[in-house]
Amino acid sequence: MAQQAAEGPLFAEVDMGADSSAPTVRATVVQASSIFYDTSATLDKAERLLAEAAGYGSQLVVFPEAFVGGYPRGSNFDVSLGVSIARNPKGKEEFRKYHASAIDVPGPEVERLAGMAGKYKVHLVMGVVERDGYTLYCAVLFFDSQGRYLGKHRKLMPTELERIIWGFGDGSTIPVFKTPIGKIGAAVCWENRMPLLRTAMYAKGCINTRLVFISKDKYYGDQLHASNSLSYSVLDLETLLHYPILPDGIEIYCVPTADDSNAWQASMTHIALEGGCFMLSANQFCRRKDYPPPPDYVFSGTEELNPDSVVCSGGSVIISPSGTVLAGPNYDGEALISADLVVHIDLGEIAKAKFEFDVVGHYSRPEVLSLIVRDHPAMPVTFTSAPLKPEGSHK
């Protein structure tokens with residue numbers, strides 16, 4: 001049943017509950033549009049949505065792909081095969097504006113998102129466009145309910161024309177975080193069709209794949225806490241004990257996406273069954289009017305669209321490890337789509353699903369089939385005399 005907040009929310013929550021006697025986590029996927037070319041206004045909207053979700057009791061909130069920074073749907077950046085970008089001033093100006101809308105990680109927008117997560121006491125998974133120098137990445141940022149930035153995932157393989165605007169992630173940003181509400185990770189849109197990436201996700205469950213011991217009571221951590229604008233932080237033992245490092249698999253698999261097709265639902269159900277995990281797929285719902293009007297923004301070949309034409313119909317969904325749809329898919333408009341997840345391994349659906357099929361456990365055959373993941377950063381230039389610098393540093 002949909003719920004309405006007392007002060008009148010932006011839109012109603014679509015609520016599909018679970019057995020109230022079992023330990024549960026209330027999770028919400030946000031189905032809403034960005035405010036394109038206006039990152040500050042998009043963050044304001046994100047905070048309003050986060051506040052509403054928290055008001056409904058959500059402990060985990062997942063936003064769509066490229067929510068902060070914007071998904072440039074319908075744009076081709078005026079690129080044509082065999083025509084040099086150097087002779088393309090219109091496309092270069094479009095990229096300049098898009099680059100300006102992206103965010104630095106770490107940076108002030110990351111600090112603001114961390115503050116939101118702490119203010120509303122929710123775990124936050126946010127799709128962003130990350131700016132690293134002059135290369136952009138489709139990324140997912142993770143925050144805990146104490147307002148701490150945990151880390152990021154960069155999309156390994158942008159899809160189709162996305163490759164002209166987004167760089168490729170590497171194996172150093174495929175985290176799965178052990179949190180009080182379960183082991184949380186994310187992969188973005190069509191990279192979820194990559195079987196080897198999924199297998200790596202199923203096998204991961206540690207907070208950090210690169211810990212270096214630097215003293216008897218301190219560790220140098222990968223992508224934890226964004227305070228002081230550092231992408232690396234020194235962690236004390238209390239923090240490490242709060243987030244134990246355990247080699248088990250993902251339990252809550254988050255999927256920020258831009259795919260609103262019916263076939264996408266089949267992929268989400270398959271991955272839930274294959275991984276024995278909850279699937280939380282969040283997509284934008286947007287109309288032509290959510291993008292700037294022409295000539296500032298042109299939908300290639302489709303400018304007969306009227307302002308209310310739907311250009312992405314959502315389809316956000318939450319699916320259990322048994323393949324049961326818990327909430328959604330919603331194609332009706334902007335919405336908060338919520339469900340109660342029974343994630344405790346000793347009581348929940350995950351243990352039942354793993355009894356049937358554990359893809360990296362009792363159902364694996366490592367003596368026949370195995371996977372090696374190169375989880376170190378892939379750097380285009382390395383200076384052997386230079387000290388190690390934090391990821392994303394350009395100084």
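Which residue is the bridge partner of A139 in β6? The partner is R154. The model is predicted, so that local features need pLDDT of at least 70 and side-chain atom pairs count only at pLDDT 80 or more, whereas totals for chains, interfaces and linings use all residues. Residues are numbered from 1 along each chain as its sequence is written, and side-chain values use heavy atoms, with hydrogens and water left out.

Strand β5 (residues 135-143) runs antiparallel to β6 and is joined to it by 5 bridges. Strands here are DSSP runs of E with at least two residues, helices are runs of H or I with at least four, and both are numbered from the N terminus; two strands pair if DSSP finds at least two bridges between them. The two strands form a hairpin with 5 residues between them, and G147 in the turn has a positive phi of about 85 degrees. In β6 (residues 149-154), 6 of 6 residues are buried, meaning under 20% relative accessible area with a 1.4 Å probe and protein chains only.

Further along the chain lies an open sheet of 6 strands with mixed pairing, in the order β7-β8-β12-β13-β16-β17. Its edge strands, β7 (176-179) and β17 (325-330), each pair on one side only. From one strand to the next, the twist averages 15 degrees. Within this sheet, β8 (residues 182-186) and β12 (residues 252-257) are parallel over 3 bridges, and G185 has Y253 of β12 as its bridge partner.

Helix α6 (residues 262-275) lies across β12, β13 (278-283), β16 (316-319) and β17, at about 25 degrees to β16. Such angles run from 0 to 180 degrees between N-to-C directions of axes fitted to C-alpha atoms, for helices over the stretch in contact, where contact means heavy atoms within 4.5 Å.

Definitions and conventions. Buried means under 20% relative accessible area, exposed over 50%, partly exposed in between (1.4 Å probe, protein chains only).
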